[in-house]
Amino acid sequence: MEHSRGRMAVLVAGHAVDDLYQGAVPALVPFLVLERGYGYLAVAGITVAATLLSSVVQPLFGWLTDRRPMPWLVPLGMTLAGVGVGLAGLSDSYVLTWLAIALSGLGVAAYHPEAARLARRVARDSHVGMSWFSVGGNVGFALGPVLVTPVLAFGGLAWSPLLAVPALVGGACTTVALRGVHSAGSAAGVRAGTDDWGQFSRLTVVIIARSVVTFGLGTFLALWVTSRVGGGPAAGAAALVVLFGAGAASTLLGGVLAGRFGRVRVLRVSYAVAIPAVAGVALVPGPAVYVMVALTAVSLYVPFSLHVTLGQDYLPNRLGTAGGVTLGLAVSVGGLGSPVVGAVAGATNLQWGLLSLVLMPVVAWVAARGLRSPRCELEPR
């Protein structure tokens with residue numbers, strides 16, 4: 001038991017380091033606007049860079065890890081995620097900056113399928129255990145702005161290589177800690193059965209819709225809050241910390257609620273709450289916008305770890321593919337919606353751009369209403 005806890009601690013910490021670099025990209029945006037004068041569409045293009053390769057490659061990594069365990073992808077993916085962000089500030093060329101962020105997205109794609117398989121195995125089917133793994137990623141996401149803002153505020157984009165240090169250290173430590181660990185073809189305790197592609201496809205729609213909202217807010221929330229309440233980049237960074245920090249805490253809450261009420265019911269209620277919450281971010285004036293950001297975070301992140309375990313239970317024979325989609329592809333594809341938000345904002349204003357996001361929790365709620373609990377609804381241990 002202690003051995004399993006130690007391994008889970010390594011996976012949770014590693015997930016935090018890896019996803020720190022997903023949270024770092026939105027925090028880079030105000031500095032790219034300030035130093036290089038990027039417009040809305042250019043900013044949205046940076047978000048696409050962080051997600052495009054991840055979206056395309058993630059199913060391939062999932063398929064490969066279903067055929068053969070590749071635990072070395074966990075530290076390698078983490079390292080690439082950090083190196084890409086670290087290189088992003090070194091060139092004034094938009095193309096080179098885009099490619100550096102794309103390298104980071106590739107690292108994220110390599111990391112998630114195998115890490116999710118290992119975590120499910122170590123968690124022994126526990127909703128709460130997998131919630132801790134997901135919490136690690138969301139804590140890392142929340143820490144992205146905390147790392148990026150002071151470093152770049154002090155040294156500018158030229159100091160971006162310092163942002164790669166956590167990945168280099170984390171990759172080395174993970175390599176040592178997971179030495180000799182092999183991920184089995186299916187997670188320990190997961191009951192092999194028939195893959196339910198219909199339910200998995202519906203779940204994927206839910207995740208994509210949620211992802212459009214989180215990436216849209218991650219890209220434009222800092223700019224919106226800065227203009228709404230003043231205070232410069234610090235006010236925008238604070239909004240991102242609220243979004244990702246409250247989200248991290250809510251991820252763990254999702255595992256607890258799932259054990260009491262069931263995963264599908266928790267998903268439906270969460271996305272129903274998200275509809276007015278997202279609208280409130282765009283409409284509520286003044287500092288009260290932070291309250292709506294927190295409510296949005298709760299409604300969007302309570303279901304986060306439940307997506308992963310539901311996906312694995314819908315595809316019990318393809319855990320790598322399920323993890324690659326639920327933690328990677330479906331999440332990353334949502335980033336492709338950011339240019340649409342940017343285009344709406346450019347044609348009207350940023351408030352209307354954010355209001356366009358309200359449609360997505362509606363889609364998620366409608367899709368979630370058609371979900372069924374897997375044949376074996378697992379209880380937390």
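User: A crossing is right-handed if the near helix is turned clockwise from the far one by less than a right angle, and left-handed if anticlockwise; in which sense does H7 pass helix H13?

Analyst: This is a predicted model, in which local features need pLDDT of at least 70 and side-chain atom pairs count only at pLDDT 80 or more, while totals for chains, interfaces and linings use all residues. Residues are numbered from 1 along each chain as its sequence is written, and side-chain values use heavy atoms, with hydrogens and water left out. Helices (DSSP runs of H or I, at least four residues, numbered from the N terminus) include H7 at residues 197-229 and H13 at residues 338-347. Where H7 passes H13, the crossing is right-handed.

User: How are the axes of H7 and H13 oriented to one another, parallel, antiparallel, perpendicular or oblique?

Analyst: The axes, lines fitted to C-alpha atoms over the stretch in contact with angles from 0 to 180 degrees between N-to-C directions, come within 9 Å for H7 and H13 and cross at roughly 50°. Angles under 35 degrees count as roughly parallel, over 145 as roughly antiparallel, 65 to 115 as roughly perpendicular and the rest as oblique; the orientation of H7 to H13 is therefore oblique.

User: Which residues of H13 make the contact with H7?

Analyst: Contact means heavy atoms within 4.5 Å, and on the H7 side it involves Phe215, Gly216, Thr219 and Phe220. By class, this contact of H7 with H13 has three nonpolar, four polar and no charged residues. The residues that H13 contributes are Ser338, Val341 and Gly342.

User: How many charged residues are in the contact of H7 with H15?

Analyst: H7 and helix H15 (residues 359-368) pack with their axes 8 Å apart at an angle of about 165°, which means that H7 is roughly antiparallel to H15, and the crossing is left-handed. From H7, Arg202, Val205, Val206, Ala209, Val212 and Val213 take part, meeting residues of H15 that include Met360, Pro361 and Val363. The contact holds 12 nonpolar residues and no polar ones, and its charged residues number one.

User: Which helix gives the most to the largest nonpolar core?

Analyst: A nonpolar core is a set of buried Ala, Val, Leu, Ile, Met, Phe, Trp, Tyr and Cys residues joined through side-chain atoms within 4.5 Å, and in the largest one, of 54 residues, Leu217, Leu221, Val281 and Leu371 touch the most other members. Val281 touches Leu217, Leu221, Trp224, Val289, Met292, Val293 and Thr296, leaving aside residues up to four places away in sequence. The helix that gives the most to this core, with 13 residues, is H7.

User: Is Val229 buried, partly exposed or exposed?

Analyst: Val229 belongs to H7 and touches Ala235, Gly286, Pro287, Val289 and Tyr290, not counting residues up to four places away in sequence. Buried means under 20% relative accessible area, exposed over 50% and partly exposed in between (1.4 Å probe, protein chains only). Because the relative accessible area of Val229 is 30%, this residue is partly exposed.

User: What distance separates the C-alpha atoms of Ser250 and Ala297?

Analyst: Ser250 lies in helix H8 (residues 233-261) and is buried, with a relative accessible area of 5%. Beyond four places in sequence, Ser250 touches Ala297, Val298, Tyr301 and Val302. Although Ser250 and Ala297 are 47 residues apart along the chain, their C-alpha separation is 7.6 Å.

Key. Helix = DSSP H or I, 4+ residues; strand = E, 2+ residues; numbered from the N terminus. Left-handed = near helix turned anticlockwise from the far one by under 90°. Nonpolar A, V, L, I, M, F, W, Y, C, P; charged D, E, K, R; others polar.
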